[in-house]
Amino acid sequence: MNCVLITGATSGIGMQLAKDYADNGWQVVACGRNSLALQLLQHYSSLITPLEFDLTDLNETTRAIGKLDLEPELWILNAGNCEYIDNGVIEAALFRRVFDINVIGLVNAIEACQSRFRAGHRIAIVGSIASELALPRAEAYGASKAAVSYLARTLQLALKKQSIDVSTVYPGFVETPLTDKNTFPMPMMVSVEYASKAIREGLAKGLSHIYFPRRFTLLMRLLGALPYRWQNVLTSKLISE
Ligand SMILES: NC(=O)c1ccc[n+]([C@@H]2O[C@H](COP(=O)([O-])OP(=O)(O)OC[C@H]3O[C@@H](n4cnc5c(N)ncnc54)[C@H](OP(=O)(O)O)[C@@H]3O)[C@@H](O)[C@H]2O)c1
C-alpha cells in the first residue's frame with residue numbers, strides 16, 4: 001500500500017491532502033501539533049496515523065519520526081505560517097516566528113526524515129508563489145518562502161544522484177485559516193479541494209515544480225521576470241494594500 005507523510009496536516013491544504021490521499025486508499029501519516037485535529041483525522045479514516053510534534057523543535061521532531069513504523073515513499077513538507085509586516089516596520093521577533101516554522105521547521109523535518117529517504121521516493125516541499133516576486137507586506141513571509149524555494153531546488157540537484165525526486169509546490173492564494181486572517185483582496189483564490197487536486201496530480205505526474213492556479217501563478221512569474229522597478233509599479237496595482 002502507498003504511504004505518504006504530510007506535515008501541517010491538521011489544517012488547510014495539508015488536512016485536505018490527508019483526507020484525499022486516505023480516500024484514495026493511501027496510508028497517511030498526518031503530522032501537526034493540534035491534537036484535537038489529529039484525533040478528528042484519525043476518526044475520518046483508519047488509514048490515517050496521527051503524529052503529534054512541534055516542527056520547530058528538532059529533538060521533538062526526530063523523536064516523533066523515529067517512532068514511526070510505517071514507511072512513506074512520499075513526503076509532503078507543507079507546514080508553514082504567514083505573518084505580514086505593516087508599513088515596512090521590521091520586527092525581529094515576527095521574522096523569527098515566520099522563519100522558525102517555514103524554514104527551520106522544514107530543515108528539521110528533512111533532517112529527521114532523511115535517513116528514511118530511499119531511491120524512488122519523492123519529497124514535495126510547499127513554498128509559495130510569493131517567493132517569485134516582492135509583494136506588499138510580505139517582507140518576512142516572502143523572504144522565508146524564497147529560502148524554501150532555494151533549499152528545495154538545491155536539494156533537488158543533490159538527491160537526484162540517489163534517485164530521490166524533489167518537487168517544489170508554488171500555490172497562489174488558497175482559502176484556509178492562514179488566508180482567512182487577510183483583509184486585502186486575494187485575486188483568483190482557490191479552495192483547498194482545488195489545491196489538493198493540483199498537488200496530487202502534479203506529484204502523480206512527477207512534476208518537479210507545481211504551480212497553481214495556473215493563470216494567477218503564470219502572471220506572478222511573468223511579473224517576476226520583469227525589471228524590479230516595473231515589478232514594483234505593477235504588483236502594487238495588482239494587489240493593493
Ligand atoms: N493558503 C495559502 O494561500 C497559501 C499560499 C501559498 C503557500 N501556502 C503554504 O501552504 C502551506 C499550508 O498552508 P495553509 O494555508 O494550509 O495553512 P494553515 O491552514 O494555517 O495550516 C498550517 C499547518 O502548519 C502546521 N504548523 C504550523 N506551525 C507548526 C509547528 N510549529 N509544528 C508543526 N506544524 C506546524 C499547522 O499545524 P498545527 O497548528 O497543528 O501545528 C497546520 O497544520 C504553508 O507552507 C503555506 O505557507 C499557503
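In this predicted model, α4 gives the most residues to the lining of the largest cavity, namely five. Two elements, α4 (92–113) and α5, give two or more residues to that lining. In total, 13 residues line the largest cavity, and L77, N78, A79, N102 and L106 lie nearest its centre. By class, eight of the lining residues are nonpolar, four are polar and one is charged. The space inside the largest cavity is about 80 Å³. A search of the whole structure finds one cavity of 30 Å³ or more.

Open pockets were examined next. The largest pocket has a volume of about 1000 Å³. Its lining takes in 49 residues, with A79, G80, N81, C82 and L178 nearest the centre. The elements α1, β2 (27–32), α4, α5, α6 and α8 (214–224) each give two or more residues to this lining. The lining of the largest pocket holds 24 nonpolar, 19 polar and six charged residues. A79 is thus named twice: among the residues nearest the centre of the largest cavity, and among those nearest the centre of the largest pocket.

The ligand takes up the space of the largest pocket. Elements that give two or more residues to the shell around the ligand are α1 (12–23), α5 (139–160) and α6 (177–180). Of these, α6 gives the most, with three residues. The shell has 30 residues, and T10, S11, R33, Y141 and T176 come nearest to the ligand. Nonpolar residues number 13 in the shell, polar residues 14 and charged residues three.

Several contacts involve oxygen atoms of the ligand. A polar side-chain atom of T10 lies 2.6 Å from a ligand oxygen. For I13, a polar backbone atom is 2.8 Å from an oxygen atom of the ligand. For G12, a backbone N or O atom lies 3.4 Å from a ligand oxygen. On its own, the ligand has 880 Å² of accessible area, and the protein covers 92% of this area.

The second largest pocket holds about 360 Å³ of space. It is lined by 16 residues, of which A198, I210, Y211, F212 and R214 lie nearest its centre. Two or more residues of this lining come from each of α7 (192–204), β7 (209–212) and α8. With five residues, α7 gives the most to the lining of the second largest pocket. This lining divides into eight nonpolar, three polar and five charged residues. The helix α8 gives residues to the linings of both the largest pocket and the second largest pocket.

Terms used. Residues are numbered from 1 along each chain as its sequence is written. This is a predicted model: local features need pLDDT of at least 70, side-chain atom pairs count only at pLDDT 80 or more; totals for chains, interfaces and linings use all residues. Side-chain values use heavy atoms; hydrogens and water are left out. A residue is near a molecule or strand if one of its heavy atoms lies within 4 Å of it. A polar contact is a pair of N or O atoms within 3.5 Å; within protein, one must be able to donate a hydrogen and the other to accept it, and residues adjacent in sequence count only if both atoms are side-chain atoms. Accessible areas come from the Shrake-Rupley method with a 1.4 Å probe; for residues, only the protein chains shown count as cover. On a 1 Å grid over the protein atoms alone, a cavity is a set of points where a 1.4 Å probe fits but cannot get out, and a pocket is an open set with protein on both sides within 12 Å along at least five of seven lines; lining residues have an atom within 4 Å of a point. A molecule sits in a cavity or pocket if more than half of its atoms lie within 2 Å of its grid points. Helices (H or I, at least four residues) and strands (E, at least two) are DSSP runs, numbered from the N terminus. Ala, Val, Leu, Ile, Met, Phe, Trp, Tyr, Cys and Pro count as nonpolar, Asp, Glu, Lys and Arg as charged, and the others, Gly among them, as polar. Grid points are joined across faces, edges and corners, and a volume is the space filled by probe spheres set on the points.
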